[in-house]
There are 2 protein chains.
Amino acid sequence: MTTTKTAQGASALPLNTILEGDCIEAMNSLPSGSVDLIFADPPYNLQLKGDLHRPDNSKVDAVDDHWDQFSSFKAYDDFTHAWLKAARRLLKPDGALWVIGSYHNVFRMGTELQNQGFWILNDVVWRKSNPMPNFRGKRFTNAHETLIWCSKSEGAKYTFNYEALKSLNEGIQMRSDWVIPICNGGERLKDEHGDKAHPTQKPEALLHRILVGTTNPGDVVLDPFFGTGTTGAVAKMLGRDFIGIEREEAYRKVALKRLSKIRKFDKAALEVSTSKRAEPRVPFGQLVERGMLRPGEELYSVNGRHKAKVRADGTLIGSDSHGDVKGSIHQVGAHCEGAPSCNGWTYWCIKKDGKRVPIDLFRQQIRAEMRN
Amino acid sequence: MTTTKTAQGASALPLNTILEGDCIEAMNSLPSGSVDLIFADPPYNLQLKGDLHRPDNSKVDAVDDHWDQFSSFKAYDDFTHAWLKAARRLLKPDGALWVIGSYHNVFRMGTELQNQGFWILNDVVWRKSNPMPNFRGKRFTNAHETLIWCSKSEGAKYTFNYEALKSLNEGIQMRSDWVIPICNGGERLKDEHGDKAHPTQKPEALLHRILVGTTNPGDVVLDPFFGTGTTGAVAKMLGRDFIGIEREEAYRKVALKRLSKIRKFDKAALEVSTSKRAEPRVPFGQLVERGMLRPGEELYSVNGRHKAKVRADGTLIGSDSHGDVKGSIHQVGAHCEGAPSCNGWTYWCIKKDGKRVPIDLFRQQIRAEMRN
DNA sequence: TGCTGAGATGAATCTTGAA
DNA sequence: TTTCAAGATTCATCTCAGC
């Protein structure tokens with residue numbers, strides 16, 4: 001799985017591997033201007049005090065790990081300054097950087113980004129459909145986290161796959177607020193005791209949207225706080241190269257196991273669009289982001305006469321006697337039937353236990369979540 | 001409409017008026033520790049360059065006012081430091097402050113707030129249901145703004161009307177992301193030419209939620225960047241006193257006209273749901289004294305697993321495999337569950353028609369009597 | 001196999017008053 | 001200033017046992 005690339009004829013990049021040790025030292029060992037995108041999920045510096053119990057007296061398993069402890073804002077600022085400076089050196093001139101944080105740390109990261117000359121393109125809100133409630137009733141439910149997306153400098157030619165994101169959002173341009181569930185269920189990695197392997201594992205849907213939207217296949221994606229490797233897993237699925245850096249042995253171990261099981265989606269699925277309601281509208285792309293459907297998976301028409309393949313940006317590719325057809329679920333459905341229009345939601349089905357089930361079922365699930 | 005209040009026997013407050021001039025000088029003329037809440041919507045330092053046209057070639061009326069121009073981040077930081085320092089002096093020890101901003105300025109404000117010792121309680125996302133689209137297709141639609149809510153210091157007893165906000169949200173606790181339309185239609189104030197009177201007028205719904213949630217009737221609310229007076233208008237409706245500060249003559253004029261038309265809601269409408277904590281404390285012994293429960297009567301745990309007997313002094317005696325336990329309803333409940341604490345009122349039940357009914361019901365009866 | 005209900009849990013700067 | 005005890009407080013989702 002390990003491959004290398006030469007950057008500007010100089011040092012080789014340790015692609016698709018996890019580097020050990022401190023992220024600043026590890027970054028300093030890599031060649032300048034060699035990375036297309038950096039995604040960073042640094043410690044949040046939560047400053048929690050005492051335990052928190054739920055009304056039913058169960059104890060909340062909070063983030064109290066040693067790596068999240070800083071002695072002061074000054075110490076956190078010094079840390080932020082150092083790793084962002086190291087990250088900045090690695091970025092190609094037209095590269096971009098994403099960070100994620102909460103109100104504990106995100107303002108300090110944003111300020112430092114601007115001070116170092118990064119150019120903020122958007123702040124993006126990850127709105128959690130199922131956050132932990134506020135047990136004490138003393139504040140608002142902390143239902144979101146904030147991401148900052150920035151280019152290396154003002155005027156840089158960053159990557160933005162506008163049409164692919166628009167397709168993911170069923171034809172409407174993507175907004176700065178994203179509704180995505182927190183990572184749990186089968187996607188949440190467990191350790192040998194059945195406990196969560198990492199306290200803050202990010203959902204793959206989040207990284208899917210970031211990588212489809214702001215990188216191209218073959219790009220190099222660096223994650224200096226790799227954790228259990230969500231960035232690497234999604235990068236691998238999407239045909240991007242990754243470099244992870246992680247200090248903790250336990251996390252590296254889990255990440256390696258996880259990555260070994262990931263398969264890259266097939267080539268057709270990775271091609272994304274480049275050209276041009278009473279119930280809440282649900283973009284078909286969300287089904288892909290959330291893993292309800294996988295890129296490359298086959299859909300069957302409700303009458304059993306046609307097939308089509310899911311692509312990573314939420315479009316389909318179908319084939320019939322006239323050749324290939326690409327487009328939205330509605331467009332490909334209409335083409336298959338030779339009809340002027342078609343409701344792709346009720347037309348396309350997955351096979352489950354030998355029976356065809358319309359994909360509209362997934363839309364109903366998402367709508368149920370949105371009502372909450 | 002103008003009234004005054006004496007703060008600590010010293011200077012009078014210019015309540016329900018709009019002060020002219022620079023906000024820092026105006027704040028410095030007011031007495032320390034006299035304000036319950038500050039809402040601030042300072043210049044965003046947008047750094048826009050050139051004109052923007054819609055796909056139909058119409059020109060976007062952007063924020064290009066002289067008051068939004070700063071020469072550098074340093075200049076903006078100095079300005080932020082100065083007005084926040086002046087604002088901090090005015091706040092009562094248990095007062096709170098809200099600021100609103102976009103990614104251009106909100107990170108710098110958040111950093112400065114933390115540096116000055118303000119304690120962030122939440123960041124809140126105003127999700128616009130109808131934002132302006134991104135016409136160039138080069139970024140995500142800027143569909144939100146960020147608010148920061150903070151107390152003057154860690155541990156301060158800020159106001160939070162939890163139950164009122166929960167009621168506003170149909171019985172579910174209020175989250176940190178608020179969906180509110182931008183201000184347009186009849187609410188959007190126009191000048192004599194029919195153009196918008198202010199480029200960034202905030203919706204009244206936003207201030208309504210903030211003032212209902214984090215102030216009480218009669219509180220003093222200061223807005224150092226008053227603009228066309230949304231804060232004052234909503235404060236007046238809700239029976240709060242306001243102090244506005246605005247530099248621009250044109251905005252003051254529009255605000256005065258607006259305020260003259262506002263009527264305060266009637267008293268009954270202003271009463272909000274109170275938290276259960278504010279209810280008078282009822283000792284369990286009163287239930288025994290009043291004969292609602294008899295000494296020797298058996299109580300059952302809400303999950304049906306434990307029993308305990310009422311004693312004449314308002315304590316319980318329970319028994320399990322380890323022997324007898326005596327103590328308050330809370331202590332015995334906690335012991336039965338092996339929990340650090342337990343709310344005995346909702347844990348212990350009597351049997352009525354074969355069903356378990358929490359003893360909290362009796363407490364509610366007593367409280368109802370006390371209100372009469 | 002499918003349905004139902006109980007139980008578990010997620011980046012959280014989470015109380016208050018008296019002694 | 002610190003300690004102790006009373007008492008107030010949860011939403012969406014997933015898993016698993018039981019039928």
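UniProt positions are given here in the numbering used for this model, feature names are shortened, and annotations may be inferred rather than shown by experiment. This is a predicted model, so local features need pLDDT of at least 70, side-chain atom pairs count only at pLDDT 80 or more, and totals for chains, interfaces and linings use all residues. Residues are numbered from 1 along each chain as its sequence is written, chains are lettered from A and ligands numbered from 1 in the order in which they are written, and side-chain values use heavy atoms, with hydrogens and water left out.

**View 1. The annotated domain of chain A.** An unreviewed UniProt entry lists residues 35-255 of chain A as "domain: DNA methylase N-4/N-6". Over that stretch the chain is 28% helix and 22% strand (DSSP runs: H or I of at least four residues for helices, E of at least two for strands, numbered from the N terminus). Its end C-alpha atoms sit 21 Å apart.

**View 2. Where chain A meets chain B.** Here 51 residues of chain A are in contact (heavy atoms within 4.5 Å) with 53 residues of chain B. The two chains bury about 4,700 Å² between them, 50% of it on carbon and sulfur atoms; that's accessible area (1.4 Å probe) lost on being put together, summed over both. On the chain A side, Phe107(A), Arg139(A) and Phe140(A) lose the most area to chain B, together 18% of what that side buries.

**View 3. Polar links across the A-B interface.** The rule (a side-chain nitrogen of Lys or Arg within 4 Å of a carboxyl oxygen of Asp or Glu) finds 3 salt bridges here. Asp177(A) makes a salt bridge with Arg127(B), with the closest N and O atoms 2.8 Å apart. There are also 33 residue pairs in polar contact, both residues at pLDDT 80 or more. A polar contact is a pair of N or O atoms within 3.5 Å; within protein, one must be able to donate a hydrogen and the other to accept it, and residues adjacent in sequence count only if both atoms are side-chain atoms.

**View 4. Chain A up against DNA strand C.** Of the 40 residues around the strand (a heavy atom within 4 Å of it), Gln47(A), Arg54(A), Tyr103(A), Arg136(A) and Asn142(A) come nearest. Sugar and phosphate account for 48% of the strand's atoms that come within 4 Å of the protein. An N or O atom in the side chain of Asn142(A) is 2.6 Å from a phosphate oxygen. As for the bases, a polar side-chain atom of Asp41(A) lies 3.2 Å from a base nitrogen, and a polar backbone atom of Pro42(A) is 3.2 Å from a base nitrogen.
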